[in-house]
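Please find below my notes on the model, set out as numbered points for discussion. They deal with ring contacts, charged side chains and one helix.

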Amino acid sequence: MEPSKKDHLHPLLADDSESSSQADHRCQPEKPKAPEVHTQPGLNKYALAGAILASTNSVLLGYDIGVMSGASLFIREDFNLSSTQVEILVGSLNVCSLIGSLASGKTSDIIGRRYTIVLAALTFLIGALLTGLAPSFPFLLAGRLVAGIGVGYSLMIAPVYVAELSPALTRGFLTSLPEVFINGGILLGYISNYALSGIPQNMNWRLMLGLAALPAIAVALGVLAMPESPRWLVMKGRLDEATQVLIRTSETKEEAELRLKEIAKAASLLHASTSSNNWHGQGVWRELLVRPTKPIRRILIAAIGVNFFMQASGNDAVVYYSPEVFREAGIHNKRHLVGVTILMGIAKTFFVLVSALFLDRHGRRPLLLLGSFGMAISLAALGFGSKFLEYSSERPEWAIALCVVAVCSAASFFSIGLGPITWVYSSEIFPMRLRAQGSSLAIGVNRLVSGLVAMTFLSISREITFGGMFFALAGVMLVGTIFFYFNLPETKGKSLEEIGALFEDERDEHQMLLS
C-alpha cells in the first residue's frame, strides 16, 4: 500500500493535518485560542549568542577602517607615498571586497551560512598577516586585496545569517549587531592608533595592522558553537536539524512550529519551481536581473538604493581620512589628530547601540529618515565650517570646534540610521530563494561605491576643497532621504516570509489572480 502524504510530514508540520480529525472526536466545546505567539518581544539567549558570534566577523572591517585612518599617516612617511598611493591603499580593500560580496551569495547557498563565515575570517586572517609583515608598498597592497575579499564575504553573510536565525520581533536589534560590531571595531582601531603611535615608526603601523589577525582567529574558532541557519537547512531538506535550531531560538514550541511552517511553505514554493530538491541557488541571477517581477524589481531597487546611499554619504571616507580633515581644520599634532578620532569613535559606537535598541520598538523608517536628514544637516555645517576656515587667516577656535562637532554629529546620525538599517533591510526584504545572492548583489554595490569614494575623496577635495566636498555630500544625503521616504516600507515585527507582500500592490495581486 502506498504511504500517505501525511506519513512524510515532519512532526511539527503534521500537527495541522491531524488537528481537523481530532476535532471530530471532541465532545466538549473548543477552548479559546491562545494569544498569538510573539506578543512579547523577548530576547532569546541562543539567538543572541549566535548573532554575537556571527557579528564578531564585522569587527574585522571596523578595525580596518579605524586603524587605517591613523596607520596611513605613518605608512605614508615610512614608504614615502604620494596622496594618490594612499588613496589606492585605503580604497583597494573596499574595491576588492566587491569580489567577496558577489561570491558570498552563491557560496553560502552551496556550503551553508556557517562555513561561509569561517571562510571570511580565514581570508581576512591571511590578509592581516600579509599587511603586518609587508616589506614594500606592492606587498602591502597585495595584503589589502586579500583582506578585502574576506571583508566582502563577511559583510554579506553576517546580516543574512542573523536575520535567518532571529525571531521576527527581535530581528531588527539582532540584525543590527554587525553594525554595532563594526563601530566597536572602528573604536578599537582608533585606540590602537593612539596606544601604538608612540613607538618607532617602522613598527607602529605594522602592529596596528597585524593585530587584526586576533579577531579573525576568534571568529574561526567561535563558529564551532554556532548553529546553521534554519532556513538554509529547510532549503536543503534537513527538517530535523532546522527544527532543533528553531526550538532553541524560539521561546515556546508553538512559536518554533509557526516559524517552521512559514519557512517550509516558502521552501515548497522554491522546490516547486525547480526540477530538484537539491537546490544550490541556480537561476537566481536571472530572476533578479533578467526577468524580475514587479515586486522583485521594487525589492532590488530598495536594497541597492539603501546600499548606494550608505556609501555615497561619504561616511567611510570621512572616517578613513578624518585626520586629514582635522589637519585641514587646524589640528596638526599627530597624537592629537589620532586622539580626536577616538571621540568620533565613541560617538559612533554609542549611537549605533541606541539605534539597535530602538529598531524593534519604533521601526526602521523613522530612524532611517532621522539619521539621513541629520547627516545632511551635519555635512552642510561641516562644509560651512571648512569654507570659513579656508578663507580665514586667523582660524578661530569656534570654527575648528564646529568642524569637530559636525564630523562627530554626521558620524552619529549615520550610526542612528544608515549604518545599522542598511544591513537590516538588505538581509530581510529578499524572498528566501533570493536572499543570499540578492543581498550579495546589493552589498556588492555598497563595496564598489565605498571603494570609489575612498579612492577619490582626497583628489576631489583638492579640486573643490573639503568644504565643497561636504556640501556635495550633504546634497547626496538630501536626495537619499527622499528616496528612502518613497521606496522603503516599514518591516518592523513581520516575519521574513511576510515582508515580500509589502512590495506588492493591488494591481500586482489582481494580475496574479488572473494568471
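1. In this predicted model, the charged end of R365 is placed over the ring of Y485, at 5.2 Å from the ring centre. A second arrangement of this kind involves R114, whose charged end sits over the ring of Y115 at 5.3 Å from its centre.

2. The neighbouring position in the sequence, R364, deserves attention for its salt bridges, one of which is formed with D360, where the closest N and O atoms are 3.3 Å apart. The side chain of R364 also meets that of E428 in a salt bridge, with an N to O distance of 3.2 Å. This second pair links distant parts of the chain, since R364 belongs to helix α19 (residues 364-391) and E428 to helix α21 (residues 418-428), the two residues being 64 apart.

3. Are R364 and E428 buried or exposed? R364 has a relative accessible area of 0% and is therefore classed as buried, the cut-off being under 20%. E428 is likewise buried, with a relative accessible area of 0%.

4. Helix α19 also holds a salt bridge between the side chains of K387 and E390, at 3.5 Å from N to O. Because these two residues are three apart in the helix, about one helical turn separates them. K387 counts as partly exposed at 23% relative accessibility, and E390 is also partly exposed, at 36%.

5. Across the structure, the count of salt bridges comes to 11. Beyond isolated pairs, I would draw attention to a network of salt bridges in which D109, R113, E164 and R435 are linked.

6. Turning to the rings, a search of the whole structure finds 11 aromatic pairs. One of them joins F79 and W205 in an edge-to-face arrangement, with 5.5 Å from centre to centre and an angle of 65° between the planes. F79 lies in helix α3 (residues 58-79) and W205 in helix α9 (residues 201-210), so this contact ties together parts of the chain that are 126 residues apart in sequence. W205 counts as buried, because its relative accessibility is 0%.

7. Another edge-to-face pair is formed by F308 and F309, whose ring centres are 5.1 Å apart and whose planes meet at 80°. How do the accessibilities of F308 and F309 compare with the cut-offs for buried and partly exposed? F308 is partly exposed, with a relative accessible area of 36%, whereas F309 counts as buried at 10%. Both residues take part in a cluster in which ring pairs link F308, F309, F483 and F484.

8. Finally, the geometry of helix α6 (residues 137-165) can be checked against expectation: at 1.5 Å a residue, its 29 residues should span 42 Å, and the end C-alpha atoms are 42 Å apart, which agrees. Of the 29 residues in α6, 23 are buried, so the helix is largely enclosed by the rest of the structure.

Conventions
Residues numbered from 1 in each chain as written. Predicted model: local features only at pLDDT ≥ 70, side-chain atom pairs only at ≥ 80, totals over all residues. Heavy atoms only, no water. Phe/Tyr/Trp six-rings, centres within 6.5 Å; stacked < 30°, edge-to-face > 60°. Helix = DSSP H or I, 4+ residues; strand = E, 2+ residues; numbered from the N terminus. Buried < 20%, exposed > 50% of the residue type's maximum accessible area, 1.4 Å probe, protein only. Lys NZ or Arg CZ within 6 Å of the ring centre and 35° of its normal. Expected span 1.5 Å × (residues − 1). Salt bridge = Lys/Arg side-chain N within 4 Å of Asp/Glu carboxyl O.
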